[in-house]
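This report covers one protein chain. Salt bridges come first, then the overall fold, aromatic rings and backbone angles.

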Amino acid sequence: MIELGYMAKRIMARPDWLKAPAVVDIYSVSDCMSDDFCDYISSWKHNGFWFFDSPAVLESVAEEKGEDLAGTVLFYYRGHPQQFDAERGIWEDYGPDPDIQTAVTPPSEAELLGYDVVTYHYQRGPECSPLSCNSIASEIPVNQHCLLDSLDDAVERLESGIFNDAEPGPLRIIAVHEVPWLHSASP
């Protein structure tokens, strides 16, 4: 797995239109439903995977933007080392944007919550999480956070074609870990 980085998100409860009764809330990597803590791109402190190398860097952006982190959940992401090109049916390597420094510091404590499948049409930041955004969670088993429970299941589901018509672009499997807030700026 590739160390991708950190993000703080405001978690959304399962909307009524998502017909997946096991789902309580949406822990998707994309911000289509559960929003990132702020519009952080203009600060240019994100890494080459468009996440943050450490919680401290994330907190500095929140402070700079005047964003209150209260009520957010801190996540740590790790990615399957290859992305799936559904159009061609192949796995291919990917990496960080080479023009943006990436030096991720893994957390000392993190709880694995499951795996999201995320589109990367533009090969930058996460664009869409079809499990939630495209209601694929209503067609396959997911956990309470609208995530797949295992890496093997995520690979199998990608290769089965169920994500093929969801959104354009290659798809990446991302392990979603919850990390406790440790810094003074934490909620």
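Glutamate 3 is partly exposed, because its relative accessible area is 28%. (Buried means under 20% relative accessible area, exposed over 50%, and partly exposed in between, with a 1.4 Å probe and protein chains only.) The model is predicted: local features need pLDDT of at least 70, side-chain atom pairs count only at pLDDT 80 or more, and totals for chains, interfaces and linings use all residues. Residues are numbered from 1 along each chain as its sequence is written, and side-chain values use heavy atoms, with hydrogens and water left out.

## Salt bridges

Side chains of opposite charge can pair when their charged atoms come close. Here a salt bridge is a side-chain nitrogen of Lys or Arg within 4 Å of a carboxyl oxygen of Asp or Glu. The structure holds seven of these salt bridges. Three are listed below, among them the one made by glutamate 3.

| Acid | Base | Closest N and O atoms |
|---|---|---|
| Glutamate 3 | Arginine 78 | 3.2 Å |
| Glutamate 64 | Lysine 45 | 3.1 Å |
| Glutamate 92 | Arginine 88 | 2.7 Å |

Take glutamate 3 with arginine 78, whose closest N and O atoms are 3.2 Å apart. Glutamate 3 sits in strand β1 (residues 2–10) and arginine 78 in strand β5 (residues 73–79), so this pair ties together parts that are 75 residues apart in sequence. Helices (H or I, at least four residues) and strands (E, at least two) are DSSP runs, numbered from the N terminus. Arginine 78 has 26% relative accessibility, so it counts as partly exposed.

Next comes the salt bridge between lysine 45 and glutamate 64, at 3.1 Å. Lysine 45 lies in the loop between β4 (35–36) and α1 (55–65), and glutamate 64 in helix α1, so the pair ties together parts that are 19 residues apart in sequence. Lysine 45 is partly exposed, at 36% relative accessible area. Glutamate 64 is partly exposed too, at 45%.

Glutamate 92 and arginine 88 belong to a network of salt bridges that also links Asp85. Arginine 88 is exposed, with a relative accessible area of 52%. Glutamate 92 is partly exposed, at 22%.

## Overall fold

The protein chain has three helices and nine strands. From the N terminus on, the elements run β-β-β-β-α-β-β-β-β-α-α-β. The radius of gyration is 16 Å, close to the 16 Å that the globule rule gives for 187 residues, so the chain is as compact as a globular protein of that length. That radius is taken over C-alpha atoms, and the globule rule is 2.2 Å times the number of residues to the power 0.38. Along its principal axes, the C-alpha trace spans about 45 × 40 × 30 Å.

Buried residues make up 51% of the 187 residues. A contact means heavy atoms within 4.5 Å. Among contacts between residues at least 6 apart in sequence, 72% join residues at least 24 apart. The accessible surface comes to about 8,600 Å², of which 46% belongs to carbon and sulfur atoms. Accessible areas come from the Shrake-Rupley method with a 1.4 Å probe; for residues, only the protein chains shown count as cover.

## Aromatic rings

How many aromatic pairs does a search of the whole structure find? The search finds ten. Rings of Phe, Tyr and Trp (its six-membered ring) pair if their centres lie within 6.5 Å; planes under 30 degrees apart count as stacked, over 60 as edge-to-face and the rest as tilted.

Phenylalanine 37 and tyrosine 40 have ring centres 6.4 Å apart and planes at 10 degrees, so the pair is stacked. Both phenylalanine 37 and tyrosine 40 are buried. Phenylalanine 75 and tyrosine 77 have ring centres 6.1 Å apart and planes at 10 degrees, so this pair is stacked. Phenylalanine 75 is buried at 0% relative accessibility. Tyrosine 77 is buried at 0% as well. Tyr27, Phe51, Phe75 and Tyr77 form one aromatic cluster.

Arginine 172 lies over the face of tyrosine 94, at 3.9 Å from the ring centre. Arginine 172 also lies over the face of tyrosine 120, at 3.8 Å. A charge sits over a ring if NZ of Lys or CZ of Arg is within 6 Å of the ring centre and within 35 degrees of the ring normal.

## Positive phi

Most residues other than glycine have a negative phi. Glutamine 123 has a positive phi of about 60 degrees although it is not a glycine. Glutamine 123 lies in the loop between β8 (111–119) and α2 (130–133), and is partly exposed at 37% relative accessibility. Cysteine 146, not a glycine either, has a positive phi of about 65 degrees. Cysteine 146 is in the loop between α2 and α3 (151–160), and is buried, with a relative accessible area of 3%.
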